[in-house]
Amino acid sequence: MVLIKLLYPLAVVTVLPMVGCSSGGSGSGNPSSSSSTSSSSSSSNSSTGGNTTTTLTFANLHVLAGFPVGTAVSAGNESFSIMHSNANAASQRNIIEQHFSQITPGNIMKMRYLHNTYGTFTYEQADALIDYAAAQGKGIHAHALIWHRSYQVPDWVNESEDLQSHLDHHISNIAEHFAGKVDSWDVVNEAIDRNAEGVWGYRDSVFYQKLGKSYIPNAFITARAADVDAELYYNDYGISSADGKFQFMLQMVDELLADDVPIDGIGFQMHVFMTWPDISHIRSAFEQVADRGLKVKITELDIPINNPFGGEYSYPDNYVSNFTAEDAYAQKQRYCQIVEAYLQAVPIALRGGITVWGVYDGDTWLNSELFSNNHVDWPLLFSTNFLPKPAAQGVGDALSGRAC
Ligand code: XIL
């Protein structure tokens with residue numbers, strides 16, 4: 001067995017040597033003018049003869065939940081922006097308007113989009129998205145005030161000799177601008193990492209290097225001062241397996257709570273796989289957060305069929321480039337079980353909601369970031385041709401209290 005450290009978006013899993021990655025597969029984004037999301041039962045995979053799309057038994061997914069059911073969107077000038085005037089955007093908006101009650105901007109509210117040059121804030125793209133959401137009666141989960149990933153860290157952060165006051169200005173200006181218009185914020189995103197010795201601790205980001213861990217409580221305090229109503233989340237990946245990273249996060253959160261830092265909840269990104277993490281670990285992680293009186297929000301759920309890291313957590317046994325009816329059914333079960341675990345573990349008052357990371361399989365970040373564009377996967381609730389998949393029915397089943 002070999003230990004492979006996953007670069008992104010996961011924790012470390014014990015794996016066998018990597019399984020082969022076949023290139024090709026079915027096409028990605030397949031813009032069509034179809035606007036139906038509930039009346040077609042065509043298959044998006046003719047090679048197997050089985051249905052990988054379905055007719056939903058409900059009209060609106062979000063209506064089944066007593067909490068926000070969200071989706072991340074591409075917006076602004078992004079390739080698959082829902083704000084474009086084209087058929088692809090119109091098809092995505094149809095899905096959003098019918099099935100989701102909350103929107104997370106997948107990129108356009110990150111640091112470089114809103115505040116690339118120190119003191120100059122660029123709100124046009126985010127404002128346009130928020131206007132659209134408001135007109136449709138949809139909420140916004142805003143993402144993210146502080147994130148380490150280098151391509152989203154503005155130069156002023158690296159150059160600053162007074163970073164804490166510059167970050168305060170960053171957060172105050174942005175959170176004030178959107179106050180009253182967003183439900184919640186990912187205040188700090190992904191601040192935990194493993195060090196070279198494999199020990200979990202604070203990520204060695206530019207923020208940590210310059211300020212130590214104090215940038216984290218300060219970010220929450222500044223965000224709350226600027227927007228008293230928005231729920232404030234710490235958001236991270238690889239924590240739903242309830243292992244070492246999760247334990248370190250709990251320690252961090254306990255300190256924040258002991259110091260009366262205004263944190264309302266934990267965002268579990270949940271870029272998970274078909275068989276990892278184990279559902280009992282997911283449930284336990286949710287419970288341990290809820291036990292602290294914090295909200296639990298699933299912020300970025302997606303479930304690819306293929307696991308490029310293979311090993312004991314792989315599904316299926318061989319890398320697949322065709323999405324079969326069998327895969328679609330297994331994915332439906334997995335989505336259903338995760339939502340069911342959420343409902344079992346999180347008391348009603350602490351349910352921050354469930355968001356999937358993308359509207360449809362044609363716009364999933366995993367194709368490029370996890371599969372390096374060598375493979376196309378099908379991790380979301382709606383197909384490349386904008387039709388509902390069994391996965392969407394699985395979420396609806398769990399929300400309706402049906403057995404998975
Ligand atoms: C991803 C976006 O989906 C991609 O379009 C972008 O290229 C990279 O970032 N965790 C997060 C999100 O918190 O911000 C990331 O979004 C996905 C992982």
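What follows is a short exchange about a predicted model.

Colleague: How many helices and strands does the protein chain have?
Modeller: This is a predicted model, so the counts describe a computed fold. Buried residues make up 58% of the 404 residues in the chain. The secondary structure comes to twelve helices and twelve strands.

Colleague: What share of the contacts with a separation of 6 or more is between residues 24 or more positions apart?
Modeller: Take the contacts in the protein chain with a separation of 6 or more. Residues 24 or more positions apart account for 77%.

Colleague: Which residues have the most contacts inside the largest nonpolar core?
Modeller: That core has 108 residues. A second, separate core has ten residues, including Phe309 and Phe371. In the largest core, the residues with the most contacts are Trp185 and Met249.

Colleague: Which residues is Met249 in contact with, leaving aside its neighbours within four places in sequence?
Modeller: Met249 is one of the two residues with the most contacts inside the largest core. Beyond its sequence neighbours, the list is Ile192, Tyr234, Ile239, Ile266 and Val289.

Colleague: Is strand β6 largely enclosed or exposed, and how many of its residues are buried?
Modeller: Strand β6 covers residues 184-189. It is largely enclosed by the rest of the structure, because the buried count is six of the six.

Colleague: Which strands pair with β6, and in what sense?
Modeller: Strand β5, residues 139-147, pairs with β6 over five bridges in the parallel sense. There, His143 stands opposite Asp186. Five bridges also join β6 to β9, residues 231-236, with Val188 opposite Tyr234. The partners are β5 and β9, and the sense is parallel.

Colleague: Where is Arg203, and which backbone oxygen does its side chain reach?
Modeller: Arg203 sits in the loop between β8 and α6. It counts as buried because its relative accessibility is 10%, and the cut-off is under 20%. Its contacts include His148, Glu190 and Tyr237. At 3.4 Å, its side chain reaches the backbone oxygen of Ile192.

Colleague: What is the phi of Glu190, and is the residue buried or exposed?
Modeller: Most residues other than glycine have a negative phi. Glu190, in the loop between β6 and β7, has a positive one, near 60 degrees. Its relative accessible area is 1%, so Glu190 is buried.

Colleague: Where does Phe386 lie, and what is its phi?
Modeller: Phe386 is in the loop between α11 and α12. It counts as buried, at 1% relative accessibility. Although Phe386 is not a glycine, its phi is positive, at about 70 degrees.

Colleague: Which residues does the disulfide join, and which parts does the pair tie together?
Modeller: A search of the whole structure finds one disulfide. It joins Cys336 to Cys404, with S to S at 2.1 Å. Cys336 lies in helix α10 and Cys404 in the segment after α12, so the pair ties together parts that are 68 residues apart in sequence.

Colleague: Is the link of Cys336 and Cys404 left-handed or right-handed?
Modeller: Cys336 is buried at 1%, while Cys404 counts as partly exposed at 31%. The angle about the S-S bond is -85 degrees, and the link is left-handed.

Colleague: What is omega for the peptide bonds from Trp276 to Pro277 and from Tyr315 to Pro316?
Modeller: Most peptide bonds are trans. The bond of Trp276 and Pro277 is cis, and Pro277 is in the loop between β10 and α9. The bond from Tyr315 to Pro316 is cis too, and Pro316 lies in the loop between β11 and α10. Omega is about -5 degrees for Trp276 and Pro277, and near -10 degrees for Tyr315 and Pro316.

Conventions:
Residues are numbered from 1 along each chain as its sequence is written. This is a predicted model: local features need pLDDT of at least 70, side-chain atom pairs count only at pLDDT 80 or more; totals for chains, interfaces and linings use all residues. Side-chain values use heavy atoms; hydrogens and water are left out. A nonpolar core is a set of buried Ala, Val, Leu, Ile, Met, Phe, Trp, Tyr and Cys residues joined through side-chain atoms within 4.5 Å. Buried means under 20% relative accessible area, exposed over 50%, partly exposed in between (1.4 Å probe, protein chains only). Contact means heavy atoms within 4.5 Å. Helices (H or I, at least four residues) and strands (E, at least two) are DSSP runs, numbered from the N terminus. A disulfide is a pair of cysteine sulfur atoms within 2.5 Å. Two strands pair if DSSP finds at least two bridges between them. A polar contact is a pair of N or O atoms within 3.5 Å; within protein, one must be able to donate a hydrogen and the other to accept it, and residues adjacent in sequence count only if both atoms are side-chain atoms.
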